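Please examine the sequence and the structure shown below. The paragraphs after them explain how some parts of the chain are arranged.

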Amino acid sequence: MAGADPQEDEIDDIGTGLDGRIVTFYSYKGGTGRSMALENVAWLLALQGKRVLVMDWDLEAPGIHRFFHPFLSDPALVETDGVLEYVGGLASLAAHQPKDTDWTKMPEAFFDEHANILSYARPLTFPDFPEGGQLDFIPAGRQDRTYSERLSLFQFVTFYERLGGRRFMEASKKWLRAEYDYVLLDSRTGVSDTSGICTVQMPDILVICFTLNEQNVRGAAGIAADVRAQRKADEDEGRFRIYPVPTRVEMSEQDRKNLALEGVQRTFNTYLGRMTPAQKVDYWLQIQVVYLPYYAFEEIPVVFGNPPKEQFSMLVSTRQLAEYLTGGKITGEIASLSEVRRKEHLARFLRKLDDPAVTAKNLLEKHARESDALRRLILRFVTPGSGTVPDSLRPISLEEVGPAEIPVLSDFRDARLIAQDDDATPPVLRLARTN
């Protein structure tokens with residue numbers, strides 16, 4: 001690979017005898033395209049025959065599953081456990097140990113036995129991976145109505161510092177590395193308990209994404225320096241890398257972009273210390289993730305959004321990033337996808353004009369003056385929960401619909417957002433599934 005780090009493959013062996021590599025994608029601020037960069041690399045690696053796992057550690061704002069949803073058995077994740085349930089189970093296990101437990105002296109076998117996270121991984125039902133290719137996903141957590149409350153009540157500091165969390169996380173890395181070639185973690189932005197786990201403890205490689213404004217660059221630089229201070233020994237021994245990656249690079253302002261990149265290189269070249277001056281030049285020319293408005297409207301993986309041989313595309317920069325992260329161990333082309341299949345998969349991500357969400361939005365606007373009637377109608381389909389029992393949906397009889405709700409019902413029924421079973425007497429109404 002042109003410009004590749006000549007010593008990059010040192011971190012293939014991290015001292016555990018296992019080959020898997022853990023890569024965290026982090027950004028100091030939101031809106032950098034971090035999650036998009038991660039999922040694009042994940043798709044590309046899996047389409048190159050690699051075993052890949054994506055974990056959503058952005059617990060406060062989970063959403064990377066939208067780049068996978070057509071191929072998930074539970075696209076909305078309302079029944080799928082993830083990171084929050086995993087650490088919650090470990091915390092509960094630890095809390096039931098004797099109060100005087102010294103977690104630093106607990107045998108390693110205890111953590112190895114209980115830290116198995118692999119049961120939380122959900123495979124994508126994608127039919128076109130080449131031999132050996134695999135893409136699994138662990139979400140942030142089960143996205144039911146209790147998620148926010150459960151997240152707010154979980155005490156990460158207590159778990160990590162007082163209930164053996166640090167050692168549980170260390171043990172989980174063994175399971176991950178044994179099962180996958182690449183594990184990609186989507187970290188929360190800013191400075192937090194969970195971002196520290198993702199940026200300092202877990203990764204072999206830390207990808208720091210930032211846009212080319214002063215706030216992003218300064219924040220990213222501060223985090224990079226802090227992580228380096230804590231992982232300096234690993235970096236010196238070739239077992240840890242930091243890759244700074246400019247994202248959402250606007251190509252229409254060349255002079256300002258070039259000026260910003262000069263400052264970025266002065267700030268971040270220290271993290272490319274194993275590269276020669278010529279390799280550093282190549283790195284900054286190759287690694288920029290361009291901004292294309294096409295991808296701002298929907299969550300579309302670039303392996304489907306761009307033809308594989310198109311030169312000016314986000315796919316080109318994704319390939320370059322993937323090559324650096326793998327030490328040049330992937331090939332340049334995605335041979336497993338024909339153009340016909342690419343377009344077929346793309347169609348599953350594109351929002352149609354008759355998309356249920358779009359249709360519902362239009363109907364809500366149309367019936368804005370009848371919002372009370374609309375609210376009464378929708379609430380008839382809901383059976384309220386209690387305590388930890390969530391609300392649930394139920395069918396209703398047509399006789400339950402009041403006169404003022406009939407015009408609203410008619411439009412929602414015509415749009416197939418409400419289904420009517422006329423075989424029943426009286427007819428039965430159900431809210432239609434939209435995913």
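What follows is a guided account of a predicted model, beginning with its sheets and continuing with its helices.

Consider first an open sheet of seven strands, arranged in the order 3-4-2-5-1-6-7 with mixed pairing. Its edges are formed by strand 3 (122–123) and strand 7 (241–246), each of which pairs on one side only. Within this sheet, strand 5 (residues 182–186) runs parallel to strand 1 (residues 21–27), and five bridges join the two. Two positions help to locate this pairing: Arg 21 stands opposite Tyr 182 in strand 5, and Thr 24 stands opposite Leu 185 in strand 5. Strand 5 also runs parallel to strand 2 (residues 51–56), again joined by five bridges. Here Asp 56 stands opposite Asp 186 of strand 5.

Strand 5 deserves a closer look. In a regular strand, side chains alternate between the two faces of the sheet. Tyr 182, Leu 184 and Asp 186 point one way from strand 5, while Val 183 and Leu 185 point the other way. Strand 5 is mostly covered, with five of its five residues buried.

Helix 12 packs on this sheet, where it touches strand 1, strand 5, strand 6 (205–210) and strand 7. The direction of helix 12 makes about 130 degrees with that of strand 1. Helix 12 has twelve residues and spans 17 Å from its first C-alpha to its last, close to the 16 Å expected at 1.5 Å a residue. How many of the twelve residues of helix 12 are buried? The count is eleven, and the helix is thus described as mostly covered. Among the buried residues are Ser 317, Gln 320, Glu 323 and Tyr 324. After helix 12 comes Gly 327, whose phi is positive, near 65 degrees.

Helix 12 also has a helix as a neighbour. Two packed helices are described by the angle between their axes and the distance between the axes. For helix 1 (residues 34–46) and helix 12 (residues 314–325), the angle is about 75 degrees and the axes are 9 Å apart. Because of this angle, helix 1 is roughly perpendicular to helix 12. On the side of helix 1, the contact is made by Met 36, Asn 40, Val 41, Leu 44 and Leu 45. Helix 12 contributes Met 314, Leu 315, Thr 318, Arg 319, Leu 321, Ala 322 and Leu 325. By class, this contact has nine nonpolar, two polar and one charged residues.

A further example comes from helix 8 (residues 214–236), which contains Arg 228. Is Arg 228 buried or exposed? Its relative accessibility is 16%, and therefore Arg 228 counts as buried, since the cut-off for buried is under 20%. Leaving aside residues up to four places away in sequence, Arg 228 touches Glu 235, Ile 242, Thr 270 and Tyr 271.

The model also has an open sheet of three strands, in the order 10-12-11 and with antiparallel pairing. Strand 10 (396–397) and strand 11 (418–421) are the edge strands, each pairing on one side only. Strand 10 pairs with strand 12 (residues 428–431) in the antiparallel sense over two bridges. In this pairing, Ser 397 stands opposite Val 428 of strand 12.

Note on methods
Residues are numbered from 1 along each chain as its sequence is written. This is a predicted model: local features need pLDDT of at least 70, side-chain atom pairs count only at pLDDT 80 or more; totals for chains, interfaces and linings use all residues. Side-chain values use heavy atoms; hydrogens and water are left out. Axes are lines fitted to C-alpha atoms, for helices over the stretch in contact, and angles run from 0 to 180 degrees between N-to-C directions. Helices (H or I, at least four residues) and strands (E, at least two) are DSSP runs, numbered from the N terminus. Angles under 35 degrees count as roughly parallel, over 145 as roughly antiparallel, 65 to 115 as roughly perpendicular and the rest as oblique. Contact means heavy atoms within 4.5 Å. Ala, Val, Leu, Ile, Met, Phe, Trp, Tyr, Cys and Pro count as nonpolar, Asp, Glu, Lys and Arg as charged, and the others, Gly among them, as polar. Buried means under 20% relative accessible area, exposed over 50%, partly exposed in between (1.4 Å probe, protein chains only). Two strands pair if DSSP finds at least two bridges between them. The expected span of a helix is 1.5 Å times one less than its number of residues.
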